[in-house]
Amino acid sequence: MHTKTSSLKSKLLKAAVPLALACVFTAAPAMAKEAAVVPAAAPQITAQQQNIANRIGVIQQELAGIRHQTLQSHPELVKELKAYETAFNNKVKEKGYNPEKLIKRAQEIQLEARKGDLSNAKRTDLIKEFTSIRTELAKQQKSILSDPAISKQDKQVQKDVITAMKKQDPKAEKLLTELDSLVKQFKS
């Protein structure tokens, strides 16, 4: 099932993108060795934030597993998600957006950022480009969701999937609550 446009996944990605950005750009050991002063554009995370990021990753994996099980046991949800994805993708095409290209470039940036031999200037440039891509994707998503029909369908799909996930596995509700809390902690 390929539903990268679903709101639940979107919610998970919203949490993952800043965490991935922070982890990729601050965890590179070469950066610490290269310079005593880190450029202001490079995000800094504390050990506590790193622990939070790690926990968020674990929760996201657990929720993805619950979501997968839920979709396997609820074919009607799969149909609903496909209908939503079709409507969303039609709106993407109508507006002339190409999110796949931006997502592919963001993934390339993440791979490049993991290289230990990057200069601080190059790393800063990658951060800026990644941030720009993230901003553009958010702008495109907001534009698409400004369509009342798409927005209504988005909210309904999200509600239906989350409700089914909670019925599938009672710990889903606890995990979603913890995820929201951890994302707020990480951003503060």
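# Exercises on an all-helical chain

In this predicted model, residues 24 or more positions apart account for 79% of the contacts in the protein chain that have a separation of 6 or more. The exercises below work through the fold, one helix pair, the salt bridges and the nonpolar cores.

## Exercise 1. Secondary structure and burial

Task: State how many helices and strands the protein chain holds, and what share of its residues is buried.

Solution.
- Step 1. The chain has eight helices and zero strands.
- Step 2. Read from the N terminus, the order of elements is therefore α-α-α-α-α-α-α-α.
- Step 3. Of the 188 residues in the protein chain, 38% are buried.

## Exercise 2. The pair α7 and α8

Task: Describe how the axes of helix α7 and helix α8 are arranged, and which residues of the two helices meet.

Solution.
- Step 1. Two packed helices are described by the angle between their axes and the distance between the axes.
- Step 2. Helix α7 covers residues 148-168 and helix α8 covers residues 171-187; their axes come within 6 Å and cross at roughly 125°.
- Step 3. The crossing makes α7 oblique to α8, because an angle counts as roughly perpendicular from 65 to 115 degrees and as roughly antiparallel over 145.
- Step 4. On the α7 side the contact involves Ile162, Met165 and Lys166, which meet Ala172, Glu173 and Leu176 in α8.
- Step 5. By class, the residues of the contact of α7 with α8 are four nonpolar, no polar and two charged.

## Exercise 3. Salt bridges around Glu62

Task: Which residues form salt bridges with Glu62, and to what network does Glu62 belong?

Solution.
- Step 1. The structure holds nine salt bridges.
- Step 2. One of them joins Arg55 and Glu62, with the closest N and O atoms 3.8 Å apart. This falls inside the 4 Å cut-off for a salt bridge.
- Step 3. Glu62 also meets the side chain of Lys171 in a salt bridge, at 3.4 Å from N to O. Lys171 lies in helix α8 and Glu62 in helix α3 (residues 47-73), so the pair links distant parts of the chain, 109 residues apart.
- Step 4. Arg55, Glu62, Lys171 and Glu178 are linked in a network of salt bridges.
- Step 5. Relative accessibility is 27% for Arg55, 26% for Glu62 and 41% for Lys171. Each value lies between the 20% and 50% limits, so Arg55, Glu62 and Lys171 count as partly exposed.

## Exercise 4. A salt bridge within one helix

Task: Where do Arg105 and Glu108 lie, and what separates them along the helix?

Solution.
- Step 1. The two side chains meet in a salt bridge, 3.4 Å from N to O.
- Step 2. Arg105 and Glu108 are in helix α5 (residues 99-113); because they are three residues apart, about one helical turn separates them.
- Step 3. Arg105 is partly exposed at 24% relative accessible area, and Glu108 is partly exposed at 35%.

## Exercise 5. The nonpolar cores

Task: Which residues touch the most other members of the largest nonpolar core, and which helices supply at least two residues each?

Solution.
- Step 1. The largest nonpolar core has 27 residues; Ile56, Ile59, Leu63, Phe88, Val161, Met165 and Leu179 touch the most other members.
- Step 2. At least two residues of this core come from each of α3, α4 (75-95), α7 and α8.
- Step 3. Another core, of seven residues, lies apart from it and includes Ala106, Ala113, Phe130 and Ile133.

Terms used
Residues are numbered from 1 along each chain as its sequence is written. This is a predicted model: local features need pLDDT of at least 70, side-chain atom pairs count only at pLDDT 80 or more; totals for chains, interfaces and linings use all residues. Side-chain values use heavy atoms; hydrogens and water are left out. Axes are lines fitted to C-alpha atoms, for helices over the stretch in contact, and angles run from 0 to 180 degrees between N-to-C directions. Helices (H or I, at least four residues) and strands (E, at least two) are DSSP runs, numbered from the N terminus. Angles under 35 degrees count as roughly parallel, over 145 as roughly antiparallel, 65 to 115 as roughly perpendicular and the rest as oblique. Contact means heavy atoms within 4.5 Å. Ala, Val, Leu, Ile, Met, Phe, Trp, Tyr, Cys and Pro count as nonpolar, Asp, Glu, Lys and Arg as charged, and the others, Gly among them, as polar. Buried means under 20% relative accessible area, exposed over 50%, partly exposed in between (1.4 Å probe, protein chains only). A nonpolar core is a set of buried Ala, Val, Leu, Ile, Met, Phe, Trp, Tyr and Cys residues joined through side-chain atoms within 4.5 Å.
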